There are 2 protein chains.
Amino acid sequence: TGLPEVLEVRKLACFRPLKVPSNLLILYSLRVFFSPMLFQIDHFGFAEDRTFKQRYLIADQHWKKDTGSILFYTGNEGDIAWFANNTGFMWNVAEEFDAILVFAEHRYYGDSLPFGNKSYTDAKHLNYLSSQQALADFAVLIQHLKNTIPGTENTPVIAIGGSYGGMLAAWFRMKYPHIVIGALAASAPIWQFDSLVPCGSFYKIVTEDFKKSGAGCSETIQNSWAAIKRIVDTEKGLQWLSHTFRLCSPLKTKTDVINFREWLRGTWIYVAMVDYPYEAAFLQPLPAWPVKAICKYLKNPKLPDRLLLQNIFQAVNIYYNYTGHASCLNLTQTTTKSLGLRGWSYQACTEMVMPMCSDGINDMFEPQKWDFHAYSEECFKAWGVRPRPSWIPTFYGGKNISAHSNIIFSNGGLDPWSGGGVTKNITDTLVAIMIPEGAHHLDLRSNSPFDPTSVLQARLLEVHYMKLWLQKHERVKTCPK
Amino acid sequence: TGLPEVLEVRKLACFRPLKVPSNLLILYSLRVFFSPMLFQIDHFGFAEDRTFKQRYLIADQHWKKDTGSILFYTGNEGDIAWFANNTGFMWNVAEEFDAILVFAEHRYYGDSLPFGNKSYTDAKHLNYLSSQQALADFAVLIQHLKNTIPGTENTPVIAIGGSYGGMLAAWFRMKYPHIVIGALAASAPIWQFDSLVPCGSFYKIVTEDFKKSGAGCSETIQNSWAAIKRIVDTEKGLQWLSHTFRLCSPLKTKTDVINFREWLRGTWIYVAMVDYPYEAAFLQPLPAWPVKAICKYLKNPKLPDRLLLQNIFQAVNIYYNYTGHASCLNLTQTTTKSLGLRGWSYQACTEMVMPMCSDGINDMFEPQKWDFHAYSEECFKAWGVRPRPSWIPTFYGGKNISAHSNIIFSNGGLDPWSGGGVTKNITDTLVAIMIPEGAHHLDLRSNSPFDPTSVLQARLLEVHYMKLWLQKHERVKTCPK
């Protein structure tokens, strides 16, 4: 049942070994595929009947027909090869699960562009960028794989994803339980919507990370905002600031200054997200425990403005220039180019409306209320669309998800996104795993000798639950009909 | 959580008492509402940001805040007032459930037209007619009701529907279990797709109905096809046929004859669907057990062509002219105008692709294979769209739905659609109820002294399961958090 015939899988190229830090154990050769023209650009309407090619990666060295499973990475907002390289967990457990690994690229990211280089032209071309369309792609892809890879017809599939991909994994199990027997949703802030959680939790957790990582650290950042205000008051100060921060484009206008402050805020957020216990290169190449490394420069919150801001630069410089290769700092390039920030900006302006606020008391940021109206105006200016803040909870259930089953929600205590995550068991089969020493989906990364015990335990538990689902599946399979 | 504020429910008019057969117990005054402009025309894309008004009917005389529930009719392809009038079951049980009854009209039917009288203009305007969009409307409507009717915030909702509406009820529970605690899906052929069931089952069941209802009956119909072929071979025969059947427009072309045969086939199907044990007026005003009434004219399959076809006319005339008011028979008006056949034709050409075939051996129809290619061509000609035959099973799970819960699938043994229905229990909470003497969703109709025991038992069972869901819901509610 399901798909049209034809559907010869086309192997376009052998995958070139990826340049990865040595602590990532890419033991397999990974093959790149593009789906046949199977994927409707619009799964939910029929006026647009064109199709597109979705990219996906497959590693099947450990696949065993009779006992195996498919571990399916629900790709999120970026290049799928980059995610495959930062999801060592799947590679580490492939043999244990006799598994085929599949990494599916999310539409509108990487090479999976529905309208080629016109995909981002306007709201009309972007109209098919949504979580629902992506989940439908995954469903069609899995049916396609089962129809074309001999022996996989009855192979159970488990969805795995992190961050937005973790939300997709959880939602995939909720909406397509006939296609995946369970989901590992790592650092998936499925409740970071509407008023399901306090809008301040995110910045509070970022602040706590910096507090924990060095005396005076969060206070120094807290004091930096006023210092900047005072410095940029004069033309000379503005020049000094641009020079001190080695900015590629010097600050000139008020908007530049606003962007600068937002860039700083973003930097602290990103560092907190990737506060991993070892050297890694996820969003940027970084030392082990980068927040600690940064806080070494931020011990004295009482320094005069210029000295304090010079220290802030040293701190920021760790995030943007750990390799020492950057000749200047660019406010618009905040992470690896593999991350699709443009697409995410559109998604945040449509479905993915995550209210955020800071008060400057419980957090180290400038006070900023959640202003939906202003947010909506900005979205309309940027993309010609209006966000719909209650659609995600309406469609995916908000906090009322107990009717579903077989989802692991893992969260890191250091991860700002954990504030919007599921951190307590909901039922026997909707379980939460907390990793107090973990940053953003640390559990999905490859095993490392530097891993804290909590993440090793988390991975063991995850494997345990996944095996339970598989056992149950096989028990059902062998029962007489 | 969920919806924007504002949202004053606008009571547009008091409902005029509906003209209904006396055996329908409409004990309540029904109020008509139009939703505020809440309903996105496109729930799944953001380029089309306009909204529309959905019509819904409410009866709340039996509503009790602390113990009550909401029984929510998931409207299908027609005028919602007509469905409300033919769903006496809900009226009969309203008091027992302290319930608010809600009947929600399906978009593109009745008065719920997204683009007003332009809604059916072309494929572009029809693009938002789909089951997914309709389910999203229902979800938004329920949230709206809970936000605006005081005391309903925590009221459990049960979805109820018949036929396509029964599919919607089942799918609503599958996709939105956070919104409805369970669903009664009456005569819902959720498996009449792709190759989930044999394409011949439908016509086979129609044939069995006629076989059971009188000796010689199905054979007479079976023989009529060849008789028609012989008669229309001459111009005179064609005239005789048009005259004998009192057709409003005489048959002239080959296409007319094809349409005539299809009209006959459709007539037998419709009569089988509404083979109720009492006088009723669902698709047309009809006597009790209309198939039996028809078969009284079809006792002698061996008659010469003209005599046989005269009898066929007498039979057909029961369906089209039981009231005696029809001055001629119109091939294009086969059912009540409340049924939205045009919209359904579009839906059948997009999502709702239900393969049908006959072989003339196991059924009384002319042999006709399922020809997807020809079907697709016709759809493209008629609507400018191509059907996607595997999308419904991909999206809603096909036969693999055991991960869901709290759905009652009821089916009538006389109903041709039962061939595509769930007629055996899948799990403890996905249960099937068979009504051997029932036609199309007889169980949803009002209690009648002529009801066979099997439908009375079915209704009791349905109430029993619905109460179980409510009990469980209340148990969960009263547990300490």
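The following paragraphs describe the fold of chain A, its interface with chain B, and the backbone at two loop residues.

The structure is a predicted model, in which local features require pLDDT of at least 70 and side-chain atom pairs count only at pLDDT 80 or more, whereas totals for chains, interfaces and linings use all residues. Residues are numbered from 1 along each chain as its sequence is written, chains are lettered from A and ligands numbered from 1 in the order in which they are written, and side-chain values use heavy atoms, with hydrogens and water left out.

Chain A contains 14 helices and 13 strands, taken as DSSP runs (helices H or I, at least four residues; strands E, at least two) and numbered from the N terminus. Along its principal axes, the C-alpha trace of chain A spans about 80 × 50 × 45 Å. The radius of gyration of chain A is 23 Å, in agreement with the value near 23 Å for a compact globule of 481 residues; this radius is taken over C-alpha atoms, and the globule rule is 2.2 Å times the number of residues to the power 0.38.

Superposition of chain A on chain B is achieved by a rotation of 180 degrees with 0.0 Å of shift along its axis (RMSD 0.0 Å), and the two copies are thus related as by a two-fold rotation axis. The superposition is by least squares on the C-alpha atoms of residues with pLDDT of at least 70 in both copies. The residue of chain A closest to the rotation axis is A:Lys175, at 2.9 Å (C-alpha).

Chain A and chain B each contribute 47 residues to the contact, defined by heavy atoms within 4.5 Å. Because 100% of the interface residues of chain A are also interface residues in chain B, the copies meet through the same surface. The area buried between the chains is about 3700 Å², of which carbon and sulfur atoms give 56%; buried area is the accessible area (1.4 Å probe) that two parts lose on being put together, summed over both. A:Phe44, A:Phe46 and A:Arg388 supply 23% of the area that chain A buries against chain B, more than any other three residues.

A:Arg388 also forms a salt bridge with B:Asp49 through their side chains (3.1 Å, N to O). Between the chains there are 2 salt bridges, the criterion being a side-chain nitrogen of Lys or Arg within 4 Å of a carboxyl oxygen of Asp or Glu. Helix H3 (131-148), helix H4 (164-175) and helix H13 (391-396) of chain A each supply at least two residues of the side that touches chain B.

A:Asp194, although not a glycine, has a positive phi of about 50 degrees; A:Asp194 lies in the loop between strand S9 (182-186) and helix H5 (201-212) of chain A. B:Ser163, likewise not a glycine, has a positive phi of about 60 degrees.
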